[in-house]
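User: Please take a close look at the empty spaces inside this protein and at the strands around them. I would like the cut-offs stated along the way.

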Amino acid sequence: MNKRLIALAAVLAIATTGAFAQLAIGATGALYSDSDLAPEDIVARFQNGDGIYYGPFIELGLGKLALGFSANFSFYTEDWGFMQPEMMDIDGAFYLQGHLFRYRSFLDPFVEAGAGMMMKDYANKDEDPDEDNPLLATKYVHVGGGLGLNLGGLGIFGKLLYMFPINEPVTAIFEAPDGSTFEYNLEKYPIRKLKFYLGAKIIL
């Protein structure tokens with residue numbers, strides 16, 4: 001009897017979680033810094049777009065927990081003297097959030113922990129001699145928190161995250177024209193210690 005009750009409770013828990021799960025999609029701007037970010041500096045940087053990475057994210061809210069994935073991009077031209085290739089920096093991360101109230105609460109303070117990787121690569125495939133691998137890459141973990149405001153199905157938020165590089169090198173595999181392959185370590189992407197997000201989302 002106890003086993004049946006436990007099985008029934010597990011089924012009900014899964015069903016309840018699925019019933020109350022809330023999917024959200026949105027976009028963010030991310031500002032990176034090696035020093036403390038003063039509010040006036042954050043406002044100025046976002047106003048002129050200086051060094052801001054932009055990109056989408058998706059989250060699954062589960063009551064007071066949320067799972068998410070974000071990807072932010074920065075596109076720019078780099079002057080190498082003999083050529084000026086279009087480049088891009090990419091920051092992709094998976095994360096878990098704990099919300100003080102609930103995911104869709106009007107006032108939404110939360111904490112966050114996650115892991116990701118920052119990369120640098122060519123923006124245009126026709127300029128990239130190795131489309132399968134970036135030029136630079138560094139894995140990291142991050143912790144921090146933020147505050148959101150939700151108005152029905154629309155939400156805005158800000159969050160501050162501390163980033164810690166992982167010493168394990170990122171490896172890549174290169175395939176030569178003759179079909180032979182070899183593995184090598186990518187050069188490190190220089191990660192800054194702070195990341196500030198401003199974002200908006202639609203809660204479905």
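Analyst: What follows goes from the overall fold to the cavities, then to the strands, and ends with the largest pocket and one residue.

This is a predicted model, in which local features need pLDDT of at least 70 and side-chain atom pairs count only at pLDDT 80 or more, while totals for chains, interfaces and linings use all residues. Residues are numbered from 1 along each chain as its sequence is written, and side-chain values use heavy atoms, with hydrogens and water left out.

The protein has two helices and 10 strands, where helices (H or I, at least four residues) and strands (E, at least two) are DSSP runs numbered from the N terminus. Read from the N terminus, the order of elements is α-β-α-β-β-β-β-β-β-β-β-β. Eight of the strands close into an antiparallel barrel in the order β1-β2-β3-β4-β5-β6-β7-β10, two strands being counted as paired if DSSP finds at least two bridges between them. From one strand to the next, the twist averages 25 degrees; axes are lines fitted to C-alpha atoms, for helices over the stretch in contact, and angles run from 0 to 180 degrees between N-to-C directions.

Rolling a probe the size of a water molecule over the atoms shows where empty space is left. On a 1 Å grid over the protein atoms alone, a cavity is a set of points where a 1.4 Å probe fits but cannot get out, whereas a pocket is an open set with protein on both sides within 12 Å along at least five of seven lines, and lining residues have an atom within 4 Å of a point. Grid points are joined across faces, edges and corners, and a volume is the space filled by probe spheres set on the points.

By these criteria the structure holds two cavities of 30 Å³ or more. The largest cavity, with a volume of about 50 Å³, is lined by Glu59, Gln97, His99, Asp108, Phe110, Phe157, Lys159 and Lys201. Two or more of these lining residues come from each of β4 (86–99), β5 (107–122) and β7 (154–165). Sorted by class, the lining has two nonpolar, two polar and four charged residues, with Ala, Val, Leu, Ile, Met, Phe, Trp, Tyr, Cys and Pro counted as nonpolar, Asp, Glu, Lys and Arg as charged, and the others, Gly among them, as polar.

The second largest cavity has a volume of about 40 Å³, and its lining consists of Thr28, Phe57, Glu59, Ser70, Tyr95, Phe157, Lys159 and Tyr197. Here β2 (53–62) and β7 each supply at least two lining residues, and the classes are four nonpolar, two polar and two charged.

Several of the strand pairings can be followed in detail. Strand β1 (residues 22–33) is joined to strand β10 (residues 194–203) by 10 bridges in the antiparallel sense, and within this pair Ala30 stands opposite Tyr197. Helix α2 (residues 39–48) lies across β1 and β10, at about 105 degrees to β1. Seven bridges pair β2 with strand β3 (residues 65–77), again antiparallel; Leu62 has Leu65 as its bridge partner, and in the hairpin, with two residues between the strands, Gly63 takes a positive phi near 70 degrees. Between β3 and β4, which run antiparallel, there are 13 bridges, with Phe75 partnered by Met88 and Ala66 opposite Gln97. Antiparallel pairing over 13 bridges also links β4 to β5, where Tyr95 faces Gly114.

Strand β4 is largely enclosed by the rest of the structure, because 10 of its 14 residues are buried, buried meaning under 20% relative accessible area, exposed over 50% and partly exposed in between (1.4 Å probe, protein chains only). Within β4, Asp89 is buried at a relative accessible area of 8%. Apart from neighbours within four places in sequence, Asp89 is in contact (heavy atoms within 4.5 Å) with Tyr53, Asn72, Phe73, Ser74, Tyr76, Met119, Lys120 and Tyr189.

The largest pocket has about 170 Å³ of space, and its lining is formed by Tyr32, Arg45, Gly51, Tyr53, Met118, Tyr189, Pro190, Ile191 and Arg192. Of these lining residues, six are nonpolar, one is polar and two are charged. Met118 lies 29 residues from Asp89 in sequence, yet their C-alpha atoms are 7.2 Å apart in space.
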